[in-house]
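Visitor: Please take one part of this model and go through it closely. I would like the cut-offs stated along the way.

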Amino acid sequence: MKNIAKIVLAAWILLSAIPGYAQQSTIKKSKMKHKKILFVLSSANKTGTTGEVTGTWIEEFSSPYYYLLAKGADITIATPAGGAAPVDPKSQQPAYVTESVKKFNSDKAARQQLNNTRKLADINPADYDAVFYPGGHGPTWDLPQNEISISIIESFYAQGKPVALVCHGPAALVNTKAPNGEPLVKGKKVSAFTNSEEQAGQTTAFVPFPLEDRLKELGALYQRGADWQPFAVADGALITGQNPASATEVAELLYQALSK
């Protein structure tokens, strides 16, 4: 055994002499270090139709937040109005509280971040490597027409920077344009909350338009899995997921894109 150990040590010494070899085993681990990701959340706290209290569905924030944080990402949270990001109270009901939500609820630093978000107008997009949009019904009301959000998505996509959105987050895409002037989603594989999930949840009145229908109208190659099951798809720099259960899958695809 001693001879084997000596041989292994000698081989390592020889290989370490090759420039850059010693770092190769740590390169993958460090690729997310110093990667800056902008999380864009809604400032809408009520639906524009029924006045129902709404906001971000907290699982769709907490799951990707902790996944990407564990990978070494530097995360900034912004909203159109700045300050506290509204959270849909339904997403804190026991039936919907996942492990990541429990972690968030006991994480004072994360809760402080969510209560003190940056104003979207004060963000310099050049400072970030990717953008992530959690869902909830809130984003369907203030993000589709937000010119700053539209500009961020369009510029990131044009530069090949990952644009990731989950559940109702893809509502932020409906008024964005590709560099050729056509709808950004046209001809691209895109997922989002399904009509059947909206109907099953009895929430069709909480949104300004059926998101699945609107994406299809814009020419998106709409993709979906089974209702309530994780499903995410990447089409180049555009990464989207179907529902709250898909938030981690979207974060994983974003991580893969940033690790290339």
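Guide: The part chosen here is the sheet, with the helices taken up after it.

This is a predicted model, in which local features need pLDDT of at least 70 and side-chain atom pairs count only at pLDDT 80 or more, while totals for chains, interfaces and linings use all residues. Residues are numbered from 1 along each chain as its sequence is written, and side-chain values use heavy atoms, with hydrogens and water left out.

For orientation, the protein chain has 10 helices and 9 strands; these are DSSP runs numbered from the N terminus, with at least four residues for a helix (H or I) and at least two for a strand (E). Of its 260 residues, 47% count as buried, where buried means under 20% relative accessible area, exposed over 50%, and partly exposed in between (1.4 Å probe, protein chains only). Contacts between residues 24 or more positions apart make up 77% of those with a separation of 6 or more; contact means heavy atoms within 4.5 Å.

The sheet is open and mixed in its pairing, and its 7 strands follow the order E3-E2-E1-E4-E5-E9-E8. Two strands pair if DSSP finds at least two bridges between them. At the edges are E3 (118-119) and E8 (232-235), each of which pairs on one side only. Helix H7 (residues 147-158) packs on the sheet and touches E1 (36-40), E4, E5 and E9 (238-241). The direction of H7 makes about 135° with that of E4; such angles run from 0 to 180 degrees between N-to-C directions, and axes are lines fitted to C-alpha atoms, for helices over the stretch in contact.

Within the sheet, E4 (residues 130-133) and E5 (residues 163-166) run parallel and are joined by 3 bridges. One of the pairs puts Phe132 with Ala164 of E5 as its bridge partner. E5 also runs parallel to E9, through 4 bridges, and Leu165 stands opposite Thr240 in E9. On to the edge, E8 and E9 are antiparallel and share 4 bridges, with Asp235 opposite Leu238 in E9. These two strands form a hairpin with 2 residues between them, and Gly236 in the turn has a positive phi of about 65°.

In a regular strand the side chains alternate between the two faces of the sheet. E9 is covered on both faces: Leu238 and Thr240 are buried on one side, Ile239 and Gly241 on the other.

Next come the helices. The 13 residues of H3 (residues 58-70) should span 18 Å at 1.5 Å a residue, and the end C-alpha atoms are 18 Å apart, in agreement; the expected span is 1.5 Å times one less than the number of residues. H3 is largely enclosed by the rest of the structure, because 11 of its 13 residues are buried. Among the buried ones are Phe61, Tyr65 and Tyr66. Gly72, with a positive phi near 100°, follows H3.

H3 packs against H10 (residues 247-259) at an angle of about 35°, the axes being 8 Å apart. On the H3 side the contact includes Glu60, Pro64 and Tyr67, and on the H10 side Ala251, Leu254 and Tyr255.

Lastly, Asn195 lies in helix H8 (residues 195-200) and is buried, with a relative accessible area of 18%. Apart from neighbours within four places in sequence, Asn195 is in contact with Pro210, Glu212 and Asp213.
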